[in-house]
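Reader: I have a new structure open and would like to learn how to read it. Could you walk me through it, one feature at a time?

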Amino acid sequence: MNALILYGTETGNAEACATAISQVLEGTVDSEVHDLADTTPDALTGGADLVVLVTATHGEGDFAGGGADFFEALTESKPDLTGVRFAVFGLGDSYYTTFNQAGETAATLLTTLGAEQVGETARHDASSGDDPEEIAEEWVREVLAALPAPVAS
């Protein structure tokens, strides 16, 4: 099994969480970690068994870092994502009314394009004081448990 982990960040928290997720997967799942700023929507159909999106919400509910350009390109190109499985780890702050809006928007868009979400969208809250990397590690274990078992050949 292989996973593509994509992150969009302003402060580095989403990148740190993406790295932590990759470390949890190490040994059982081959994974690659990439910044959304350096990625095109074609990566979603590149054959990964699981696409993990780690995105912070920035400003008025916007995608952080390169996420804005990535999701704009995805919205414009509208690829058929049937067969793509994805999971979303969102970072935000409940102090703001746009709490984790980027993660919710990502999940909705991917589902609309035919992708299948695995597990629940995670919503880390910076106001909670919880370590986002620890929360990401726990969350990805739940995502792995929610994946359907491979079909025996």
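Author: Gladly! Let us begin with a term we need for pockets: a pocket is an open set of grid points with protein on both sides within 12 Å along at least five of seven lines, and its lining residues have an atom within 4 Å of a point. Please keep in mind that this is a predicted model.

Reader: Which strand gives the largest share of the lining of the largest pocket?

Author: That is β3, with three residues. The general idea is that rolling a probe the size of a water molecule over the atoms shows where empty space is left. Here, the largest pocket has a volume of about 340 Å³. It is lined by 18 residues, and Ala-56, Thr-57, Leu-91, Gly-92 and Asp-93 are the closest to its centre. Two elements, β3 and β5, give two or more residues each to this lining.

Reader: Is β3 largely enclosed or largely open?

Author: Strand β3 is largely enclosed by the rest of the structure, because eight of its nine residues are buried. For this step you need the cut-off: buried means under 20% relative accessible area.

Reader: Which strands pair with β3, and in what sense?

Author: Take them one at a time. With β1, strand β3 pairs in the parallel sense over six bridges, and in that pairing Tyr-7 stands opposite Val-54. With β5, the pairing of β3 is also parallel, over six bridges; there the bridge partner of Val-54 is Phe-89. With β4, which covers residues 62–63, β3 pairs in the antiparallel sense over two bridges. His-58 stands opposite Asp-62 in that strand.

Reader: What lies between the strands in the hairpin of β3 and β4?

Author: Three residues lie between them, and in this hairpin Gly-59 takes a positive phi near 60°.

Reader: Where else should I look for a positive phi, in residues other than glycine?

Author: Try Lys-78, with phi near 45°, and Asn-100, with phi of about 55°. Lys-78 lies in the loop between α2 (67–77) and β5, while Asn-100 lies in the loop between β5 and α3 (101–112).

Reader: Are Lys-78 and Asn-100 buried or exposed?

Author: Lys-78 counts as exposed because its relative accessibility is 57%, and the cut-off for exposed is over 50%. Asn-100 has a relative accessible area of 2%, so it is buried.

Reader: Now for the inside. How many residues does the largest nonpolar core have?

Author: The general idea first: in soluble globular proteins, nonpolar side chains tend to be buried together. In this model the largest nonpolar core has 25 residues, and Ile-21, Val-54, Phe-89 and Trp-139 have the most contacts inside it. At least two of the core residues come from each of β1 (2–8), α1 (13–25), β3 (50–58), β5 (85–92) and α4 (132–146). Helix α1 supplies the largest share of this core, six residues. Apart from this core lies another, of 22 residues, with Leu-4, Val-51, Phe-63 and Ala-115 among them.

Reader: Which residues is Ile-21 in contact with, leaving aside its neighbours within four places in sequence?

Author: Those are Ile-5, Val-52, Val-54, Ala-136, Trp-139 and Val-140. You have met Val-54 already, as the residue that Tyr-7 stands opposite.

Reader: How do β1, α1 and β2 fit together?

Author: They make a right-handed β-α-β unit. Strand β2 covers residues 30–35, and six bridges join it to β1, with the two strands running parallel. To find this pairing on screen, look for Asn-2, which stands opposite Asp-30 in β2.

Reader: What about residues on the helices, such as Thr-19 and Glu-138? Are they buried or partly exposed?

Author: Thr-19 lies in helix α1 and, at 36% relative accessibility, counts as partly exposed. Glu-138 is found in helix α4 and is partly exposed too, with a relative accessible area of 46%.

Reader: How far apart in space are Thr-19 and Asn-100, and Glu-138 and Ser-127?

Author: Compare chain and space for each pair. Thr-19 and Asn-100 are 81 residues apart along the chain, and their C-alpha atoms are separated by 20 Å. Glu-138 and Ser-127 are 11 residues apart in sequence and 19 Å apart in space, C-alpha to C-alpha.

Terms used:
Residues numbered from 1 in each chain as written. Predicted model: local features only at pLDDT ≥ 70, side-chain atom pairs only at ≥ 80, totals over all residues. Heavy atoms only, no water. Core = buried A, V, L, I, M, F, W, Y, C linked by side-chain atoms within 4.5 Å. Buried < 20%, exposed > 50% of the residue type's maximum accessible area, 1.4 Å probe, protein only. Helix = DSSP H or I, 4+ residues; strand = E, 2+ residues; numbered from the N terminus. Contact = heavy atoms within 4.5 Å. Pairing = 2+ DSSP bridges. Right-handed = clockwise from strand over helix to strand, strands pointing away. 1 Å grid on protein atoms, 1.4 Å probe; cavity = no way out; pocket = protein on both sides within 12 Å on 5 of 7 lines; lining within 4 Å. Points joined across faces, edges and corners; volume = space filled by probe spheres on them.
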